[in-house]
Amino acid sequence: AVGMMGLGWFYSGRPFIGVMLMSGWVGFLTILYVVLAIIGNASLLFTLLVPYFVLAVLSGVGCYRSYLRDARAQRAAIL
């Protein structure tokens with residue numbers, strides 16, 4: 001879910017990573033809003049939206065890949 005980076009890590013059973021990502025995400029959004037309020041320039045918004053979406057996509061891809069890796073290892077241990 002874009003906007004709540006770290007939520008997928010909770011769903012996949014790794015809450016520690018989810019809490020760390022959510023904390024970092026809240027910090028990033030706070031810095032984003034402060035910078036936009038101080039500068040007052042909406043053109044900066046597009047510059048800051050790129051990391052917003054890139055970080056969310058990278059988090060999702062990392063969660064998916066690590067979940068599949070762990071699921072394969074668990075399946076191999078059962079068989």
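Which side chains meet in a salt bridge at 3.4 Å, N to O? The side chains of Asp-70 and Arg-69 do so. A salt bridge is counted where a side-chain nitrogen of Lys or Arg lies within 4 Å of a carboxyl oxygen of Asp or Glu. The model is predicted, with local features requiring pLDDT of at least 70 and side-chain atom pairs pLDDT 80 or more, whereas totals for chains, interfaces and linings use all residues. Residues are numbered from 1 along each chain as its sequence is written, and side-chain values use heavy atoms, without hydrogens and water.

The chain contains three helices and zero strands, in the order α-α-α along the sequence. Helices (H or I, at least four residues) and strands (E, at least two) are DSSP runs numbered from the N terminus. Of the 79 residues in the chain, 22% are buried; buried denotes under 20% relative accessible area, exposed over 50%, and partly exposed the range in between (1.4 Å probe, protein chains only). The accessible surface of the chain is about 5700 Å², and carbon and sulfur atoms contribute 73% of this. Accessible areas were obtained by the Shrake-Rupley method with a 1.4 Å probe, and for residues only the protein chains shown count as cover. Among contacts in the chain with a separation of 6 or more, 48% involve residues 24 or more positions apart, a contact being heavy atoms within 4.5 Å.

Two salt bridges are present in the structure. In addition to the pair given above, Arg-14 forms a salt bridge with Asp-70, with 3.7 Å between the closest N and O atoms. This pair links distant parts of the chain, since Arg-14 is in the loop between α1 (7–11) and α2 (15–39) and Asp-70 is in helix α3 (residues 43–78), 56 residues away. Arg-14 is buried at 15% relative accessibility, Asp-70 is partly exposed at 35%, and Arg-69 is exposed at 52%. Through shared partners, the salt bridges join Arg-14, Arg-69 and Asp-70 into one network.

The largest nonpolar core comprises nine residues, namely Met-5, Trp-25, Phe-28, Leu-29, Leu-32, Leu-36, Leu-48, Tyr-52 and Ala-56. Such a core is a set of buried Ala, Val, Leu, Ile, Met, Phe, Trp, Tyr and Cys residues joined through side-chain atoms within 4.5 Å. Helices α2 and α3 are the elements that each supply two or more residues to this core, and α2 gives the most, with five. The buried residues of α2 are Gly-18, Trp-25, Phe-28, Leu-29, Leu-32 and Leu-36. The end C-alpha atoms of α2 are 36 Å apart, in agreement with the 36 Å expected for its 25 residues at 1.5 Å a residue; the expected span is 1.5 Å times one less than the number of residues. Gly-40, just after α2, has a positive phi of about 70°.

Phe-10, Phe-16, Ile-17, Val-19 and Met-20 make a nonpolar surface patch of about 460 Å². Patches consist of residues with over 30% relative accessible area and no salt bridge, with like charges joined within 9 Å and nonpolar side chains (Val, Leu, Ile, Met, Phe, Trp, Tyr) within 5 Å. Helix α2 gives the most to the nonpolar patch, with four residues. Ile-17 lies in this helix and is partly exposed at 33% relative accessibility.

Ser-59, in helix α3, is buried with a relative accessible area of 10%. Apart from neighbours within four places in sequence, Ser-59 contacts Met-5, Gly-6, Trp-9 and Leu-21.
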